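Biologist: I would like to go through this chain with you, part by part. Please put the structure up before we start.

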Amino acid sequence: GLGADITEDDIKLVVLTLRNDHPEMFWVKSSWGWGVGADEDVCTAAYLVFYEYDTPVEETKRIFVDAAEKLLAGVPQDGSNYIKEKYLHDALAGHITYDSAYVWDQGAYTAMVEGRAVCAGYATSFQYLLQCVGIESFVVTGWAGGGSHAWNIVKLEDDWRTSTGAAIICRARIPSTRQSMFRSERCMIM
């Protein structure tokens, strides 16, 4: 067993933290599973659930990186972080169409490769692109307009700010924040 008193809420926090902080791991779903011991009080196993793609994993990663590089190609190299963030925001907003048919596929892959997503796909894609240009950010999940929502917090010129990009894409209000526990420090594919 896992040797600790781990609850379903603990597992949920770990899975959502992994997804929110590592958009480059786009194949990890926001669902999970867990097993309990014979006494049904102790978690003995936890596992992640993955999206399935028509291409092998390495090819799928390459397709994702290629799509990201197209969006990153026009980032002003001599601009401030604010200019870079605005460029990426506008490029992504022009690239992604909000599509409620993708409510069960909320990863960065579908948003960047297919150009369709709900707010979580936009937020994770935006975070990935920001990380690629060295801008600190993280995905936040919470509630807006009566439903669940995802958006970004971005560090610009020593201040943390709420990015409205996901709200614009999702046509939702920006709610109060609940931060992710950890932040990714680099842009990479694992």
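Modeller: From the N terminus, the elements of the protein chain follow the order α-β-β-α-α-β-α-β-α-β-β-β-α. Helices (H or I, at least four residues) and strands (E, at least two) are DSSP runs, numbered from the N terminus. This is a predicted model, in which local features need pLDDT of at least 70 and side-chain atom pairs count only at pLDDT 80 or more, while totals for chains, interfaces and linings use all residues. Residues are numbered from 1 along each chain as its sequence is written, and side-chain values use heavy atoms, with hydrogens and water left out.

Biologist: How many helices and strands does the protein chain have?

Modeller: The elements alternate between α and β along parts of the order α-β-β-α-α-β-α-β-α-β-β-β-α. The secondary structure comes to 6 helices and 7 strands.

Biologist: In which helix of the protein chain is confidence lowest?

Modeller: Confidence here is pLDDT, the predictor's value for each residue from 0 to 100. The chain has a mean of 76, and 76% of its residues reach 70 or more. Over residues 166-190 pLDDT stays under 50, although the model has 72 contacts beyond four places in sequence for them. Confidence is highest in α2, at a mean of 93, and lowest, at a mean of 44, in residues 165-170, helix α6.

Biologist: What share of the 190 residues counts as buried?

Modeller: Buried means under 20% relative accessible area, exposed over 50%, and partly exposed in between (1.4 Å probe, protein chains only). By that cut-off, the buried share of the 190 residues is 43%.

Biologist: Is V75 buried or exposed?

Modeller: V75 sits in the loop between α2 and α3. Beyond four places in sequence, V75 is in contact (heavy atoms within 4.5 Å) with K84, Y87, L88 and V133. The relative accessible area of V75 is 5%, so V75 is buried.

Biologist: And P76, which residues is it in contact with, leaving aside its neighbours within four places in sequence?

Modeller: P76 is in the loop between α2 (57-72) and α3 (81-95). Its relative accessibility is 24%, so P76 counts as partly exposed. The C-alpha atoms of P76 and L88, 12 residues apart along the chain, are separated by 9.8 Å. Outside that window of four places, the contacts of P76 are I83, K84 and Y87.

Biologist: Where does E157 lie, given its positive phi?

Modeller: Most residues other than glycine have a negative phi. E157 is not a glycine, yet has a positive phi of about 50°. With 45% relative accessibility, E157 counts as partly exposed. E157 lies in the loop between β6 (147-156) and β7 (159-163).

Biologist: What is the phi of D158?

Modeller: D158 is also found in the loop between β6 and β7. At 68% relative accessibility, D158 counts as exposed. D158 is not a glycine, and its phi is positive, at about 75°.

Biologist: Which residues line the second largest cavity?

Modeller: On a 1 Å grid over the protein atoms alone, a cavity is a set of points where a 1.4 Å probe fits but cannot get out, and lining residues have an atom within 4 Å of a point. The second largest cavity has a volume of about 40 Å³, the volume being the space filled by probe spheres set on the points. Its lining consists of R19, H22, P23, M25, F26, G107, A108 and T124.

Key. 1 Å grid on protein atoms, 1.4 Å probe; cavity = no way out; pocket = protein on both sides within 12 Å on 5 of 7 lines; lining within 4 Å.
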